[in-house]
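Biologist: Please take a close look at the ligand site in this model, and describe how the protein surrounds the ligand there.

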Amino acid sequence: MPVSAIWVLCEPTSSGVTTTSLELLAAARTLATRVEVVSWGPSTAANAEVLGVHDVGDVHGRLPGVPVAAAMAALVQRAGAPDAILVPTSYDGRDVAARLSVRLDRPVLTNVTGLTDEGGALVSEHPVFGGSLTVRARFTGEPPGIFVIRAKSFAPEPAGSTAAAVAALEVPETGATGSATVDTSHAEERTGPSLDEAGVVVSGGRGLGDASAYPMIEELASLLHGAAGASRAIVDAGWVPYSHQVGQTGKTVKPDVYLAFGISGATQHLVGMKGSRAIVAVNKDRDAPIFGIADLGIVGDVHRVLPALIDLLKNR
Ligand SMILES: Cc1cc2nc3c(=O)[nH]c(=O)nc-3n(C[C@H](O)[C@H](O)[C@H](O)COP(=O)(O)OP(=O)(O)OC[C@H]3O[C@@H](n4cnc5c(N)ncnc54)[C@H](O)[C@@H]3O)c2cc1C
């Protein structure tokens, strides 16, 4: 018997919903006969190109975790539980999942990178030991199973063209828990595509020598209309912000081309970029592990290769 109902938590952005939400929706549609969305924000109706949207509405300057989890838990108690609730791995997604878990007294499976239907039971995949092993898991208790899913685990699908049925979801009284408000928020400035969505990602690692070499990574990324990434070593060293980090504890990227400059290829880095369509690595050590997964490897000094590539592209 196939999985009958899945709810997907869709996170709004200023111009729609996050790509990860669309990835989860695409997966849910292949797994369940009924897919419903829970979302919030002032423009759910305008964004709602998917069937069956439960709209928590404008959360009025509050963090969404408390009202959204409270409203979802109340809906489960009122209307019955779906088989599964899919939640994106993000700050708000994790907040909602944790609160929902407590309210419903149900466990959560996190760091999910795959989901399959095996005889009506959802089986999730989780990379462990830096991605060198994959653990498979499933819930055995009462539904709903709450799965927190990593970005880029599934291909996103544009929302359907069918008109959506939007149902307002009431937020129950949450007392003092829901009283915290957001005073200010800061959107990081960037030009070009975001790291998660870029078709080309150019990343730098400790082999760059010091922070003053990183602008070459940014320049090459810009010339290729891509985004600049980094290994954790140079994030920890304070050369670039955490938002640039690719890997197990950073972002997962799946660009058409990933270029790694002066990155050794530790498993914790590889797990965040090994799904790239083509990988180009530049490293002065011919035995560097990154060459084990590279489609094209250049044994060389980044201080020679990077300026040469930049010159070539500028003079094209
Ligand atoms: C729990 C945990 C989570 C982690 N999460 C992440 C993560 O999300 N992302 C991540 O990246 N790491 C992560 N790490 C760290 C990871 O294990 C590595 O330490 C890190 O990826 C190394 O970064 P690096 O390749 O830049 O540096 P190094 O390992 O020091 O490698 C530098 C490379 O540059 C080469 N090199 C040096 N000079 C030059 C030159 N002039 N020209 C060309 N090549 C040169 C060297 O040969 C070497 O291969 C995590 C570790 C742990 C324990």
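Modeller: A polar contact is taken here as a pair of N or O atoms within 3.5 Å. The model is a predicted one, and the contacts described below are to be read with that in mind. A polar backbone atom of glycine 207 is 3.5 Å from a nitrogen atom of the ligand, so this pair falls at the cut-off itself, the definition asking for N or O atoms within 3.5 Å. Side chains take part as well: an N or O atom in the side chain of threonine 249 is 2.7 Å from a nitrogen atom of the ligand, while an oxygen atom of the ligand has a polar side-chain atom of asparagine 283 at 2.8 Å. On its own the ligand has 980 Å² of accessible area, and the protein covers 75% of this.

As for the surroundings, the ligand takes up the space of the second largest pocket, and the elements that each give two or more residues to the shell around the ligand are the helices α6 (232–236), α7 (267–270) and α8 (302–314). There are 25 residues around the ligand, and those that come nearest are Ser231, Gln245, Thr249, Ser264 and Asn283; Thr249 and Asn283 are thus named both here and among the polar side-chain pairs given above. By residue class, the shell around the ligand consists of 15 polar, five nonpolar and five charged residues.

How values were computed:
Residues numbered from 1 in each chain as written. Predicted model: local features only at pLDDT ≥ 70, side-chain atom pairs only at ≥ 80, totals over all residues. Heavy atoms only, no water. Near = heavy atom within 4 Å. Polar contact = N/O pair within 3.5 Å; in protein donor to acceptor, adjacent residues only side chain to side chain. Areas by Shrake-Rupley, 256 points an atom, 1.4 Å probe, with all protein chains shown as cover. 1 Å grid on protein atoms, 1.4 Å probe; cavity = no way out; pocket = protein on both sides within 12 Å on 5 of 7 lines; lining within 4 Å. Sits in = over half its atoms within 2 Å of the grid points. Helix = DSSP H or I, 4+ residues; strand = E, 2+ residues; numbered from the N terminus. Nonpolar A, V, L, I, M, F, W, Y, C, P; charged D, E, K, R; others polar.
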